[in-house]
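User: Please take a close look at how one pair of domains is arranged in this model. I would like a single connected account of that part, followed by its wider setting.

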Amino acid sequence: MVTAFVRHRGRAVTLPRRDVDTDQIIPKQFLKGVERTGYGPALFYDWRYRPDGSPDPAFELNSPGAEGATILITGPNFGCGSSREHAVWALAQYGFRAIVAPSFADIFTANCYRNGLLPVRLALSEVDALIRSTEGLHEIVVDLERQVISDDRGFTASFTADAYGRDLLLRGVDEIGRTLLEEPSIAAYERSHP
Amino acid sequence: MSRTLFDRIWDAHVVRELADGVALLYVDLHLVHEVTSPQAFAGLKREKRTVRRPERTLATVDHNVPTGERSLPITDPIAARQVDALSTNAREFGIELFDLKSPGQGIVHVIGPELGATQPGMVIVCGDSHTATHGAFGAFALGIGTSEVEHVLATQCLVLNKPRNLEARITGRRGPGVSAKDLILALIGKIGTAGATGHVIEYTGDAVRALSMEERMTVCNMSIEAGARAGMIAPDEVTYTYLEGRPRAPQGAAWTKSLEHWHMFRSDPGAHYDTQVRLDAATVGPQVTWGTTPGMVADITERIPDPAQLATAHEREAAARALEYMGLVPGTPLQGIPIDRVFLGSCTNARIEDLRAAAAIVRGRHVAARVRALVVPGSQRVKAQAEQEGLDRVFTDAGFEWRNAGCSMCLGMNADVLGPGERCAATSNRNFEGRQGRGGRTHLMSPAMAAAAAIEGHLVDVRAW
């Protein structure tokens with residue numbers, strides 16, 4: 001069951017890097033689990049923690065005030081590389097509800113929509129404007145119903161979510177349950193394509 | 001209306017249009033491995049659902065398995081639990097499994113083609129981004145997440161937005177010492193790591209037609225590194241010759257019928273591509289990555305680029321950050337950069353032709369004193385074939401370690417990892433920060449280039465050999 005997403009208000013943290021790959025979002029040593037939970041502490045592990053295990057104060061998520069942020073603003077091609085859904089589980093379990101970036105990798109996007117995490121695609125100039133506006137970690141509102149992102153300092157931009165993914169999120173749909181209702185179509189396809 | 005190869009495969013698999021451009025798509029072959037499947041099977045059990053078509057599902061263990069001695073139990077208890085989980089799930093749901101004891105075990109993208117299970121015109125999915133490999137046969141093959149794995153297990157279908165068509169036309173004759181890996185690295189360098197996002201790449205042109213089946217797999221394998229949903233090459237005689245007689249390929253009358261069917265999987269003349277890129281193979285030299293994305297790549301004769309010369313602030317920042325991580329200085333010639341490790345392996349370059357190309361360089365020589373080098377065949381069958389040809393002796397005589405099949409140091413989930421600061425010449429597909437081990441520095445290249453680097457102890461132009 002997908003966690004529904006209609007409208008979210010929360011604080012943002014910025015990670016101004018491009019091509020953040022899923023190996024960075026969750027390194028390989030955390031992929032050995034057989035559960036869907038417990039990945040939040042491993043998020044951005046190699047960037048977040050120094051080799052001795054202490055938090056690296058230079059990393060954006062460890063900056064003062066970043067704690068409790070629920071919106072991540074980042075660079076182009078976020079989530080590229082490995083298909084590991086663990087990356088989305090880690091982001092969601094850390095507490096993120098939306099990721100704002102100029103572009104996302106395809107598999108990552110599909111994984112987001114199936115886990116209640118909203119990828120918000122804005123123009124590069126809009127992301128830069130939002131980053132400038134967000135200095136000081138104020139609150140942002142992401143409205144999936146209206147497809148608008150705004151803050152209380154006058155920033156507002158519209159975005160277009162993937163229509164199918166938007167529907168999954170707005171209604172918190174059990175996607176498999178819904179596809180199983182297509183059984184007659186699937187069976188008919190199989191009969192005509194032995 | 002004229003259609004592309006991809007349009008044809010798509011149209012032939014639409015179970016139902018759900019919305020404009022969104023379809024419920026039928027999946028012909030679902031490949032499963034131990035790392036991205038346990039949560040999917042757990043979901044099925046929790047909801048009391050079944051696997052709709054277990055006979056269209058094939059499982060193997062590859063990502064986290066040790067590549068050393070196979071007669072001993074797996075020493076990592078957490079990895080062992082994942083391998084055991086797949087074994088239990090395969091048994092409970094009636095799925096065929098190529099486990100650690102099987103002579104058919106190997107990297108999922110190596111064994112699918114090897115078995116002849118991968119065929120033209122199919123829709124193939126796997127919880128792994130390098131599923132694009134199978135597109136070399138003229139299939140639509142894509143990587144999916146674990147939620148989608150569960151969806152395909154339960155319904156044999158996938159809901160997908162139809163990607164756009166991108167034609168990558170590669171023409172001209174490759175120079176000596178230039179491999180399929182160099183072509184795909186050069187293409188990624190040209191269009192960027194997000195250059196094909198939202199698209200399926202169809203590789204066309206005489207330089208693509210001239211590739212062997214295994215070389216085509218290398219090219220399609222790295223489509224994801226350009227951001228593509230999939231990569232594909234229309235089937236031809238090379239494809240059919242490779243497939244004929246393989247265990248899962250159609251036999252007898254069914255083979256003749258299949259050939260007729262497969263001939264339709266090609267793009268019409270004048271078919272529309274949303275995006276087109278061209279590459280002249282004659283201009284491509286051996287490629288080596290210098291940074292932390294596969295797009296940060298240069299000809300071996302070039303120098304480490306100066307980030308200050310790049311066009312945008314984002315690119316300058318990314319390149320500067322990459323060079324700091326890689327411990328490299330702008331202006332340094334790529335040739336001569338010393339290496340500590342060599343990894344010959346992965347779903348990109350660990351098939352028999354790759355091992356032969358590397359062995360031809362290594363034969364009668366020895367790995368440099370400071371280098372530790374590893375050969376990890378893509379499958380146990382590739383390993384057996386190589387041993388039959390005596391390649392294992394060529395490698396071990398030269399000081400390489402000769403291992404059992406698995407993903408190994410491509411992603412470092414097992415014990416095969418780089419130490420902090422160690423520099424590796426690798427035939428795999430990703431040079432991301434920490435990919436091969438925290439602090440490890442990866443340079444991607446062809447098998448021949450990696451073999452030459454192992455002998456010299458530094459990056460070298462294989463054409464000088």
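Analyst: In this predicted model, the C-alpha centres of domain 1 and domain 2 of chain B are 25 Å apart. Domain 1 of chain B covers residues 5-161, while domain 2 is assembled from two segments, 164-235 and 267-283. The division of chain B is completed by domain 3, residues 287-464.

Between domain 1 and domain 2 of chain B, 18 residues of the former are in contact with 19 residues of the latter. On the domain 1 side, the elements of chain B that give two or more residues are α1 (5-13), α4 (108-115) and β7 (140-143). Of these, β7(B) provides the largest share, with four residues. By class, this side of domain 1 of chain B holds eleven nonpolar and seven polar residues, and no charged ones.

Chain B also meets chain A, in a contact that takes 52 residues from chain B and 40 from chain A. On the chain A side, at least two residues each come from α1 (22-25), α4 (106-113), α6, α7 (175-180) and α8 (183-192) of chain A. That side comprises 14 nonpolar, ten polar and 16 charged residues.

Helix α6 of chain A spans residues 163-171 and includes Asp167(A). Asp167(A) counts as partly exposed because it has 17 C-beta neighbours inside 10 Å, whereas a buried residue would need 20 or more. The C-alpha atom of Asp167(A) lies 29 Å from that of Gln24(A), with the two residues 143 apart along the chain.

Methods: Residues are numbered from 1 along each chain as its sequence is written. Chains are lettered from A and ligands numbered from 1 in the order in which they are written. This is a predicted model: local features need pLDDT of at least 70, side-chain atom pairs count only at pLDDT 80 or more; totals for chains, interfaces and linings use all residues. Domain bounds come from an automatic or database domain assignment. Two residues are in contact if their C-beta atoms, placed from the backbone, lie within 7 Å. Ala, Val, Leu, Ile, Met, Phe, Trp, Tyr, Cys and Pro count as nonpolar, Asp, Glu, Lys and Arg as charged, and the others, Gly among them, as polar. A residue is buried if 20 or more other C-beta atoms lie within 10 Å of its own, exposed if 12 or fewer, and partly exposed in between; C-beta atoms are placed from the backbone.
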